[in-house]
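Please open the structure in the viewer and keep the selection tool at hand. The tour proceeds by successive selections, with a note on what is found at each.

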Amino acid sequence: MPAPSRRAFLIGGLTTLTLTTGGGAWALDRYVVDHVEVADASAYEASQGSDGTELDTSDAVLTDDSWSADGTTITVKKVTTGSGDATVTYVVADLVLSDATVLRSAFAQDSFGTNIVDETSDIAEQNGAVFAINGDYYGFRETGIVVRNGVAWRDAGAREGLAFYKDGHVELYDETATSADALVDAGVWNTLSFGPALVADGEVLDGIDDVEVDTNFGNHSIQGDQPRTAVGVVDDNHLLLVVVDGRDPGYSAGATMTELATLMKGLGAVTAYNIDGGGSSTMFFDGEVVNRPSNGGERGTSDILYVKG
């Protein structure tokens with residue numbers, strides 16, 4: 001039986017709270033009810049001058065575990081380690097991009113706001129993606145800088161973020177020391193706001209198992225063995241996108257934050273950053289979900305990173 005989604009869990013719990021105390025009405029509105037700020041995000045981005053590179057896919061080459069077109073290559077590999085209840089299964093996507101703007105972001109329902117969700121595979125298919133992973137679930141919180149496809153969407157710095165620049169380099173940054181507009185002016189194409197940072201300057205960071213990412217209802221804990229999604233940086237325009245499955249004894253136990261960081265370093269990442277995990281952790285390649293999401297199926301999320309096929 002699939003585990004309840006975060007949204008279903010919240011609806012159930014908050015409805016009970018509302019009926020018993022009346023105090024859940026605010027929480028239902030804050031964490032469950034869709035709040036659409038921009039209904040046609042693609043049109044808005046176009047109006048703001050978003051102009052990423054479109055790959056020529058006329059000669060695209062697809063195999064069981066790779067895709068390439070116009071100088072961009074994606075290779076996907078599933079790895080299983082350990083045995084018994086200590087088994088861990090993860091999927092690594094190695095992306096070499098011909099241009100940094102080939103890696104785009106898309107919002108669920110092509111709408112920007114809070115609590116708007118769809119499954120990663122649905123968002124991917126709606127955007128013609130050959131590859132996608134879940135994003136940072138920006139819509140579950142009201143803080144964090146959101147720059148997507150070269151457009152500033154939200155300017156509420158709160159934590160350490162990850163910035164993808166148009167020139168291909170990717171760096172960790174302090175959201176509270178800058179602004180969304182300043183990042184766009186500096187050439188940032190996309191940002192992610194979740195964390196913590198896992199690897200910096202090629203070294204696993206200390207204390208990352210004790211970080212509380214945010215304090216939203218139902219989203220306090222990221223400690224222990226969990227499904228994970230991470231972004232790793234090998235070099236300019238060379239990324240590792242990794243999903244670790246979990247909560248599935250005998251198939252995959254998941255990973256602690258330090259185990260995830262150690263994995264990313266071992267794969268060659270000199271910088272790595274944790275993004276939304278748990279039931280959200282999903283990787284999509286060539287029309288299929290290639291990992292095993294922990295809810296027994298995909299959980300809705302608010303955004304993805306993808307490459308259009």
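Select residues 88–96, strand E5, together with residues 238–244, strand E17: in this predicted model, the two strands pair in the antiparallel sense over 7 bridges. Within this pair, highlight Tyr90, whose bridge partner in E17 is Val244.

Next, extend the selection to the whole sheet. It is an open sheet of 9 strands with antiparallel pairing, in the order E2-E3-E4-E5-E17-E16-E18-E14-E15. At its edges stand strand E2 (61–62) and strand E15 (203–204); each has a single partner strand, so one side of each is left without a neighbour in the sheet.

Now move to the open sheet of 3 strands, ordered E12-E11-E13 and likewise described by antiparallel pairing. Here the edge positions belong to strand E12 (170–174) and strand E13 (188–192), each with a single partner strand, so one side of each lacks a neighbour in the sheet. From one strand to the next, the twist averages 30°. Select residues 160–165, strand E11, with E12: the two run antiparallel and are joined by 5 bridges. Glu160 has Asp174 as its bridge partner in E12.

Finally, display the second largest pocket, which holds about 210 Å³ of space. Which residues lie nearest its centre? Select Ser42, Glu45, Arg104, Asp110 and Asn149, which hold that position among the 14 residues of the lining. Helix H3 (41–47) and strand E6 (103–107) are the elements that give two or more residues to this lining. Coloured by class, the lining residues of the second largest pocket divide into 5 nonpolar, 6 polar and 3 charged.

Definitions and conventions
Residues are numbered from 1 along each chain as its sequence is written. This is a predicted model: local features need pLDDT of at least 70, side-chain atom pairs count only at pLDDT 80 or more; totals for chains, interfaces and linings use all residues. Side-chain values use heavy atoms; hydrogens and water are left out. On a 1 Å grid over the protein atoms alone, a cavity is a set of points where a 1.4 Å probe fits but cannot get out, and a pocket is an open set with protein on both sides within 12 Å along at least five of seven lines; lining residues have an atom within 4 Å of a point. Grid points are joined across faces, edges and corners, and a volume is the space filled by probe spheres set on the points. Helices (H or I, at least four residues) and strands (E, at least two) are DSSP runs, numbered from the N terminus. Ala, Val, Leu, Ile, Met, Phe, Trp, Tyr, Cys and Pro count as nonpolar, Asp, Glu, Lys and Arg as charged, and the others, Gly among them, as polar. Two strands pair if DSSP finds at least two bridges between them. Axes are lines fitted to C-alpha atoms, for helices over the stretch in contact, and angles run from 0 to 180 degrees between N-to-C directions.
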